[in-house]
Amino acid sequence: NEYKSYLRMEHSSLSYSRAVAGLATVISIGLVTLYFFISKRKRPTTLNPEKKVPLKLIEKTKVSHDTRKFRFALPSEDHILGLPVGNHLSLIADINGETVIRSYTPVSSDDDVGYMDLVIKVYFSNVHPKFPDGGKMTQHLEAMKIGDTIDVRGPKGKIFYVGDGFYEVRSPSNTRSVCGKKVGMIAGGSGITPMLQIATEILKNPADDSEIFLIYANQTPDDILCKDILDEYEKDDRFNIWYTVDRAPETGWKYDVGFVSQEMISKHIPPPSDDTCVLMCGPPPMIKFACLPNLEKIGFSEDVCLKF
């Protein structure tokens with residue numbers, strides 16, 4: 001009798017354990033399903049190519065003596081920006097009675113819900129002899145107070161990164177595909193932000209085996225934007241970066257000095273192939289006189305050299 005009682009107790013205990021385990025499994029599956037639903041559900045988007053949308057400045061961070069990170073709130077905490085990877089947007093402001101429009105690429109993405117981040121170099125007046133008035137939009141942003149608003153419109157652009165090393169160049173009459181499993185990037189100054197946008201998209205996806213080869217040109221090492229992000233990305237084997245500056249310190253600089261050259265491109269960007277393309281963004285003279293002619297000399301065709 002005692003043995004039978006023992007067996008009944010063991011059976012009850014086993015049944016209870018199985019019930020608890022089953023309930024835990026159901027709860028786990030439910031939580032995973034709920035998380036998947038919440039994270040994947042379609043969120044409202046902010047940008048509208050047909051009209052301006054006002055965004056409120058909620059945070060401003062001093063990155064360096066002339067660089068700021070501006071964080072703008074989206075219309076709700078549930079909104080995403082709605083900017084395809086490879087595209088940019090316009091900031092629009094009335095400055096001294098003039099409507100000023102400038103294009104920028106955020107350093108945030110649609111993974112960031114409820115806000116948009118811009119990293120912008122401020123061009124102050126009476127600093128650069130060729131531009132004594134400085135930058136109208138960047139100085140306007142610098143003068144903004146927390147709570148002020150600015151209008152945005154977009155998306156804009158013809159380049160779309162569709163994933164797994166493939167890009168689309170779209171126009172109203174045509175869409176063509178470009179393969180860039182090995183993607184060269186040449187950026188000058190604030191032209192780094194479109195490159196960061198695409199690099200972020202690639203590197204956050206372990207299944208994307210694209211390789212990135214970036215040449216980044218600036219006036220001095222102190223002018224390098226988003227250096228902390230670039231340093232972090234360099235820890236990934238898929239990301240390779242080389243710097244060049246106009247003026248380098250006398251000691252401690254291990255990169256190039258001078259304009260982007262044919263030799264520099266040959267050393268730090270893969271040669272032309274069926275799966276190689278080159279993205280460029282920077283001052284027009286850099287693109288016209290340093291990038292395109294040297295890429296052509298190396299053998300790159302115009303249709304795989306994409307300009308932002």
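Here is a walk through the structure above, from the whole chain down to single residues.

Keep in mind from the start that this is a predicted model. Let's begin with the big picture. The protein chain has 308 residues, and 40% of them are buried. Its secondary structure comes to six helices and 15 strands. If you take the contacts between residues at least 6 apart in sequence, 68% of them join residues at least 24 apart. The chain exposes about 17,600 Å², with carbon and sulfur atoms supplying 54% of that area.

Now for some strands in the earlier part of the numbering. Strand 3 is a good place to start. Seven of its eight residues are buried, so the rest of the structure largely encloses this strand. What does strand 3 pair with? One partner is strand 4: the two run antiparallel and are joined by seven bridges. Strand 3 and strand 4 make a hairpin, with two residues between them. Look for Asn 96 in that turn, where phi is positive, at about 55°. You can also find Ile 95 and its bridge partner in strand 4, Glu 98.

Strand 6 pairs with strand 3 too, in the antiparallel sense and over four bridges. Here Ser 90 stands opposite Arg 153 in strand 6. In general, strands of a sheet pair through backbone hydrogen bonds, either parallel or antiparallel. Strand 6 has another detail to look for: Pro 155 lies in it, and the peptide bond that joins Gly 154 and Pro 155 is cis, with omega at about 0°.

Next, find helix 2, which spans residues 136–143. Which of its residues are buried? They are Met 137, Thr 138 and Leu 141. Seen down the axis of helix 2, these buried residues fall within an arc of 100°, so they line one face of the helix. The general idea behind this is that an α-helix has 3.6 residues a turn, so residues three or four places apart point the same way. And what covers the buried residues of helix 2? The cover includes strand 1 (53–62), strand 2 (67–73), strand 3 (88–95), strand 4 (98–104), strand 5 (115–121) and strand 6 (149–156).

Moving along the chain, you come to strand 7 (159–163) and strand 8, with Asp 164 in the loop between them. Asp 164 has a positive phi of about 55°, although it isn't a glycine. Is Asp 164 buried or partly exposed? With a relative accessible area of 43%, Asp 164 is partly exposed. Strand 8 covers residues 166–171, and Ser 171 lies in it. Ser 171 is also partly exposed, at a relative accessible area of 36%. Its C-alpha atom is 9.3 Å from that of Ile 159, a residue twelve places away along the chain.

Let's turn to another sheet. Six strands form an open sheet with parallel pairing, in the order 13-12-11-10-14-15. At the edges are strand 13 (256–257) and strand 15 (305–307), each of which pairs on one side only. Helix 6 (residues 284–298) packs on this sheet, touching strand 10, strand 11, strand 14 (276–281) and strand 15. The direction of helix 6 makes about 170° with that of strand 14. Within the sheet, strand 10 (residues 182–188) and strand 11 (residues 211–218) pair in the parallel sense over seven bridges. Met 185 is a residue to pick out here, standing opposite Leu 214 in strand 11.

From strand 11, follow the chain into the loop that leads to helix 4 (227–233), and you will find Cys 226. Phi of Cys 226 is near 55°, which is a positive value in a residue other than glycine. Cys 226 counts as buried, at 7% relative accessibility.

Finally, what about disulfides? A disulfide is a covalent bond between the sulfur atoms of two cysteines. How many does a search of the whole structure find? The search finds zero. Take Cys 305 as an example: the nearest cysteine sulfur belongs to Cys 277 and is 8.6 Å away. Cys 305 is buried, with a relative accessible area of 10%.

Technical notes:
Residues numbered from 1 in each chain as written. Predicted model: local features only at pLDDT ≥ 70, side-chain atom pairs only at ≥ 80, totals over all residues. Heavy atoms only, no water. Pairing = 2+ DSSP bridges. Contact = heavy atoms within 4.5 Å. Axes fitted to C-alpha atoms, helices over the stretch in contact; angles between N-to-C directions. Disulfide = S-S within 2.5 Å. Buried < 20%, exposed > 50% of the residue type's maximum accessible area, 1.4 Å probe, protein only. Arc of directions from axis to C-beta. Areas by Shrake-Rupley, 256 points an atom, 1.4 Å probe, with all protein chains shown as cover.
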